[in-house]
Amino acid sequence: MTPGGEGATVPEDEEKWFEEMFRAFYEPVWAYAARRVGFTGADDVASCTFQTAWRKRNRIPRDDDRAVVAWLYRVAWGHVRNATRGEGRRQRLMALLRQLPPELSGDGTHDEEEVRTAMETAMARLRPKDGEVLRLHYWEDLAIDEIGGVLGLTPNAVRVRLCRARMRLADLLRGMCLWCEEAGR
């Protein structure tokens, strides 16, 4: 018996079955993911799929390979959705940056990771209500009236709050001086 996580033990025959299943189906799961999220994201999706499969191994059909691969694809599909939502958030973040004043949109010398880190830091410094309206609009991709429904505000109040939140975010980013050549500038 070997450790199975969280203090449990796993019978060796179960571990052997899982290893065989992994060897047999990793490549098809990876290919499934690659067709949906590209080669760079496929490794993460396949890895997460088999981590989930290990945790939920008692739910995997054992006597039918087609049922096993279908089960794995269903799990992989969930991880693909998570990956694409993450990409959508990244694109909305870049869209938000394009709406900021030109001096804050960068000079092209900073990579996306640097920009993302600066944006996350600035978002964390915002007042909660400003951060929430920005997240609902850019991360969750809600329309003005939908945000109003979530926050209990009129559409006009949402527009005002969103405008002010963008200005406050721009001020924070300006203060962080991400694109300045010298810290004092």
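1. Tyr-138 belongs to helix H4, which covers residues 128-139, and in this predicted model its relative accessible area is 4%, so that the residue counts as buried, the cut-off being under 20%. Along the chain Tyr-138 stands 47 residues from Gln-91, while the distance in space between the two, taken from C-alpha to C-alpha, is 8.9 Å.

2. Val-45, a residue of helix H1, is likewise a position to inspect, and with a relative accessible area of 3% it is buried. When residues up to four places away in sequence are set aside, Val-45 touches Ala-33, Val-37, Ala-76, His-79, Val-80 and Ala-83. One of these partners, His-79, lies 34 residues away along the chain, and its C-alpha atom is separated from that of Val-45 by 5.7 Å.

3. Which residues line the largest pocket? The lining consists of Val-37, Thr-40, Gly-41, Asp-44, Ala-83, Thr-84 and Glu-87, and the pocket holds about 180 Å³ of space. Helix H1, spanning 12-55, and helix H2, spanning 65-99, each contribute at least two residues to this lining, with H1 giving the most, namely 4 residues. Sorted by class, the lining comprises 2 nonpolar, 3 polar and 2 charged residues. The reader may wish to view this point together with the previous one, since Val-37 and Ala-83 are named among the lining residues and are also among the residues that Val-45 touches.

4. Val-115 is placed in helix H3, made up of residues 112-125, and its relative accessible area of 8% makes it buried. Its separation from Leu-173 amounts to 58 residues in sequence, whereas the C-alpha to C-alpha distance between Val-115 and Leu-173 is 9.9 Å.

5. Is Leu-172 buried or partly exposed? This residue of helix H6, which takes in residues 155-176, has a relative accessible area of 24% and is therefore partly exposed, because the term buried is reserved for values under 20%. Apart from neighbours within four places in sequence, Leu-172 is in contact with Ala-122, Arg-125 and Leu-126. A further pairing concerns Met-119, which is 53 residues from Leu-172 along the chain, with 9.2 Å between the two C-alpha atoms.

6. On the cysteines, a search covering the whole structure returns 0 disulfides. Cys-48 is partly exposed at a relative accessible area of 28%, and Cys-163 is also partly exposed, its value being 39%. For a pair to be accepted as a disulfide, the sulfur atoms would have to lie within 2.5 Å, so the result of the search rests on that cut-off.

7. As for the overall architecture, the protein has 6 helices and 2 strands, and from the N terminus on these follow the order β-β-α-α-α-α-α-α. Among the contacts with a separation of 6 or more, 61% are made by residues that stand 24 or more positions apart. The pairs described above can be read against this figure, including Val-45 with His-79, which are 34 residues apart along the chain.

8. On burial and surface, 34% of the 185 residues of the protein count as buried, and Tyr-138, at 4%, Val-115, at 8%, and Val-45, at 3%, fall under that heading. The protein exposes about 11500 Å², and carbon and sulfur atoms supply 50% of that area.

Terms used
Residues are numbered from 1 along each chain as its sequence is written. This is a predicted model: local features need pLDDT of at least 70, side-chain atom pairs count only at pLDDT 80 or more; totals for chains, interfaces and linings use all residues. Side-chain values use heavy atoms; hydrogens and water are left out. Buried means under 20% relative accessible area, exposed over 50%, partly exposed in between (1.4 Å probe, protein chains only). Contact means heavy atoms within 4.5 Å. Accessible areas come from the Shrake-Rupley method with a 1.4 Å probe; for residues, only the protein chains shown count as cover. On a 1 Å grid over the protein atoms alone, a cavity is a set of points where a 1.4 Å probe fits but cannot get out, and a pocket is an open set with protein on both sides within 12 Å along at least five of seven lines; lining residues have an atom within 4 Å of a point. Grid points are joined across faces, edges and corners, and a volume is the space filled by probe spheres set on the points. Ala, Val, Leu, Ile, Met, Phe, Trp, Tyr, Cys and Pro count as nonpolar, Asp, Glu, Lys and Arg as charged, and the others, Gly among them, as polar.
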